[in-house]
Amino acid sequence: MEIYVVKEGDTVDSIAGRYGISASSIIFNNQLVYPYPLALGQALLLSTGPTPAPTYPAYVNGYAYPYIEQDVLNDTLPYLTSLSVFSYGFTPEGELLPPNPDDSFMAQSALSYQVSPVLTLTPFGPDGNFNNYLITSVINNREAKNNLLQNLLATLQEKSFTGVNIDFEYILPQDRIPFANFVAQAREFLSPYGYQVSVALAPKTSDTQPGLLYEGKDYALLGQAADSVLLMTYEWGYTYGPPMAVAPINKVREVVDYAVTRILPAKIDLGIPNYGYDWALPFVQGSSRARVVGNLEAVQLAIDAGVPIQFDETAMSPFFRYEKEGQLHEVWFEDVRSYREKFSLLPLYSLRGMGYWQIMRFFRPNWLLLQSTFQIQKNQRP
């Protein structure tokens with residue numbers, strides 16, 4: 001695999017001729033659409049010849065909602081170790097709330113590809129947002145907590161899940177230790193039945209980092225409590241924030257630098273975004289709202305507007321500006337160059353693997369690059 005950046009005058013045929021490869025392979029690898037226009041600065045993944053079998057083993061998780069298209073799920077599962085179904089909620093009494101629509105097909109599809117289906121547990125309130133009162137009411141109540149664990153076990157067994165991913169956000173600072181204890185208790189309770197427990201961690205860079213996202217997450221305690229952790233190393237660029245890369249590599253590395261001092265690297269999965277954002281300019285704090293775009297959609301926006309794609313060498317992420325109906329826009333997204341930078345962190349820090357948020361859009365260049373870089377671990381359970 002080789003990454004090629006489109007230059008002035010390039011076409012699919014001219015690039016194919018230069019490398020002695022078929023135009024159809026370029027089209028397939030990069031999901032190009034007829035008549036195959038290219039954007040100046042667009043990164044293409046080329047299959048230029050046989051590559052050595054990758055030697056670094058990687059655990060690859062992908063989050064998905066139950067309304068994922070079956071074709072997208074089937075196309076993605078060959079590249080995954082586990083599939084995290086997003087998500088199951090719960091009541092203050094510890095009753096489990098399944099997602100809507102029904103998620104049963106996801107576990108069965110995953111298992112057919114030797115992929116481990118994982119139940120994602122989230123404390124969503126009636127408004128669909130993370131609810132720290134709900135967290136407090138359960139993790140500090142023995143009866144509710146035990147009821148939740150019993151209900152989790154029953155659902156894991158009924159739906160053929162292989163583990164639980166605990167994704168609690170906005171945990172109150174006073175619940176830092178009770179939350180870590182809850183994760184430890186969940187692991188102790190489920191482990192004898194063969195189930196793994198993982199926990200999602202906001203991207204901290206120090207023990208004392210202020211903010212509601214961070215103060216309730218104790219990296220050291222949670223690293224000990226869980227079988228594995230996911231570093232949510234994305235959303236620096238986000239819906240209500242100013243235009244910037246979703247996962248700038250310099251910021252991602254700061255989180256990993258801290259995490260490996262508190263958690264065994266072999267327990268750590270790196271969070272990876274499978275999306276970008278389109279901001280209307282000028283950005284106004286408090287009123288601007290960015291639109292989520294897929295990586296393919298972002299490139300198409302550049303092609304339609306006839307603008308070049310640029311690459312930020314600090315964030316190691318692609319971006320561009322375009323104008324539509326008199327409105328200036330700025331777009332940041334992911335491509336094979338930004339993914340290659342993130343992939344390089346796994347062997348550098350001896351990390352276990354990665355977790356994608358989320359896999360609702362299929363981006364083939366990423367998966368082909370990943371497959372050529374790592375030995376993707378597969379579920380060995382019958």
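**Close-up views of a helix pair and two pockets**

**View 1. Helix 1 packs against helix 2.** In this predicted model, helix 1 (residues 12–19) and helix 2 (residues 23–30) pack at an angle of about 115 degrees, and their axes sit 8 Å apart. That angle makes helix 1 roughly perpendicular to helix 2. The crossing of helix 1 past helix 2 is right-handed. Look for Val-12, Asp-13, Ile-15 and Ala-16 on helix 1, which meet Ala-23, Ile-26 and Ile-27 on helix 2. Sorted by class, that contact has 6 nonpolar residues, 1 charged residue and no polar ones.

**View 2. The largest pocket has a volume of about 1400 Å³.** It's lined by 45 residues, and the ones closest to its centre are Phe-124, Phe-130, Glu-169, Glu-235 and Trp-357. Two elements give two or more residues to this lining: strand 4 (82–90) and helix 9 (249–259). Strand 4 has the largest share, with 4 residues. By class, the lining of the largest pocket breaks down into 27 nonpolar, 11 polar and 7 charged residues.

**View 3. The second largest pocket has a volume of about 420 Å³.** Here 28 residues form the lining, with Tyr-59, Ser-82, Val-118, Gln-196 and Arg-352 closest to the centre. Plenty of strands pitch in: strand 3 (57–64), strand 4, strand 6 (116–121), strand 7 (163–166), strand 8 (196–201), strand 9 (228–231) and strand 16 (353–357) each supply at least two residues of the lining. As for class, the lining of the second largest pocket has 16 polar, 8 nonpolar and 4 charged residues.

Methods. Residues numbered from 1 in each chain as written. Predicted model: local features only at pLDDT ≥ 70, side-chain atom pairs only at ≥ 80, totals over all residues. Heavy atoms only, no water. Axes fitted to C-alpha atoms, helices over the stretch in contact; angles between N-to-C directions. Parallel < 35°, antiparallel > 145°, perpendicular 65-115°, else oblique. Left-handed = near helix turned anticlockwise from the far one by under 90°. Contact = heavy atoms within 4.5 Å. Nonpolar A, V, L, I, M, F, W, Y, C, P; charged D, E, K, R; others polar. 1 Å grid on protein atoms, 1.4 Å probe; cavity = no way out; pocket = protein on both sides within 12 Å on 5 of 7 lines; lining within 4 Å. Points joined across faces, edges and corners; volume = space filled by probe spheres on them.
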